[in-house]
Amino acid sequence: MRSSDWSAVAEIYKEGIATGMATFETEIPSWKQWDENHLDSCRWVATNQGKILGWAALSGVSSRCVYGGVAEVSVYVAAMARGNKVGEQLLKKLITDSEKQGYWTLQSGIFPENLASIKLHEKLGFRKIGYREKIGQLAGVWLDNILMEKRSKTIE
């Protein structure tokens, strides 16, 4: 992903926000804000004939050095591309790339209603490790989150 992709990436992010099942965020950040909140490595877009169909990136989970190999996953797919394995391709790439970068654990916080995302993560080796009740509010409504993680089998 490059800064020149931001317009398309932001539009896909906006579509995800509109579902009410993808994130607690309610507004699209600027490129600068987004860039500062995501790792420099492990950023990908999926394209078909030059059109961006989805994106994936990692965020750090803590500034403490002990968690230096742990990152949080974001995967978003354009509405018109959902159901075509774009998310699966992106998440597979993130897993492979993150291990090459030395990340030993990937985690995701997913709304229980987002069954497609839960199933995708499970298919690629993530497991449910927790349930966070009323972890945050969206439009004044408390929402739960399922915490999932994948521990690398190649990094000991």
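## A tour from the β5-β6 hairpin to the pocket

Start by selecting residues 127-138 and 141-151 in this predicted model: these are strands β5 and β6, an antiparallel pair held in register over eight bridges. Within the pair, pick R127 and look across to β6, where its bridge partner is E149. Next, zoom in on the turn of the hairpin, where two residues sit between the strands. Which residue there takes a positive phi? Select A139 and check its backbone: its phi is positive, near 55°.

Now widen the selection to the whole sheet. In what order do the strands lie? Moving across this open sheet of six strands, you meet β1-β2-β3-β4-β6-β5, with mixed pairing. Colour β1 (44-48) and β5 to mark the edges, since each of these strands pairs on one side only. Turn the view to look along the sheet and follow its twist, which averages 25° from one strand to the next.

Your next stop is another antiparallel pair: select residues 51-60 for β2 and 70-77 for β3, and you have seven bridges to trace between them. One place to pause is G54, which stands opposite V77 in β3.

Time to bring in the helices. Show residues 6-19, helix α1, and you will see this helix lying across β1, β2 and β3; its direction is at about 80° to β2. Then add residues 86-100, helix α3, which also packs on the sheet. Which strands does α3 touch? Its contacts are with β1, β2, β3, β4 (105-110) and β6, and its direction makes about 160° with that of β3.

With those pieces in view, show the full chain as a cartoon. How many helices and strands are there? You should find four helices and six strands. Walking from the N terminus, the elements come in the order α-α-β-β-β-α-β-α-β-β. The radius of gyration is 15 Å, close to the 15 Å given by the globule rule for 156 residues, so the chain is as compact as a globular protein of that length. If you draw a box along the principal axes, the C-alpha atoms fill roughly 40 × 35 × 30 Å.

Finish at the largest pocket, whose volume is about 1,300 Å³. Which residues lie nearest its centre? Select A22, V75, Y76, N114 and S117 as sticks; they belong to a lining of 48 residues. Colour that lining by type and you will see 19 nonpolar, 20 polar and nine charged residues.

Notes: Residues are numbered from 1 along each chain as its sequence is written. This is a predicted model: local features need pLDDT of at least 70, side-chain atom pairs count only at pLDDT 80 or more; totals for chains, interfaces and linings use all residues. Side-chain values use heavy atoms; hydrogens and water are left out. Two strands pair if DSSP finds at least two bridges between them. On a 1 Å grid over the protein atoms alone, a cavity is a set of points where a 1.4 Å probe fits but cannot get out, and a pocket is an open set with protein on both sides within 12 Å along at least five of seven lines; lining residues have an atom within 4 Å of a point. Grid points are joined across faces, edges and corners, and a volume is the space filled by probe spheres set on the points. Ala, Val, Leu, Ile, Met, Phe, Trp, Tyr, Cys and Pro count as nonpolar, Asp, Glu, Lys and Arg as charged, and the others, Gly among them, as polar. Axes are lines fitted to C-alpha atoms, for helices over the stretch in contact, and angles run from 0 to 180 degrees between N-to-C directions. Contact means heavy atoms within 4.5 Å. The radius of gyration is taken over C-alpha atoms; the globule rule is 2.2 Å times the number of residues to the power 0.38.
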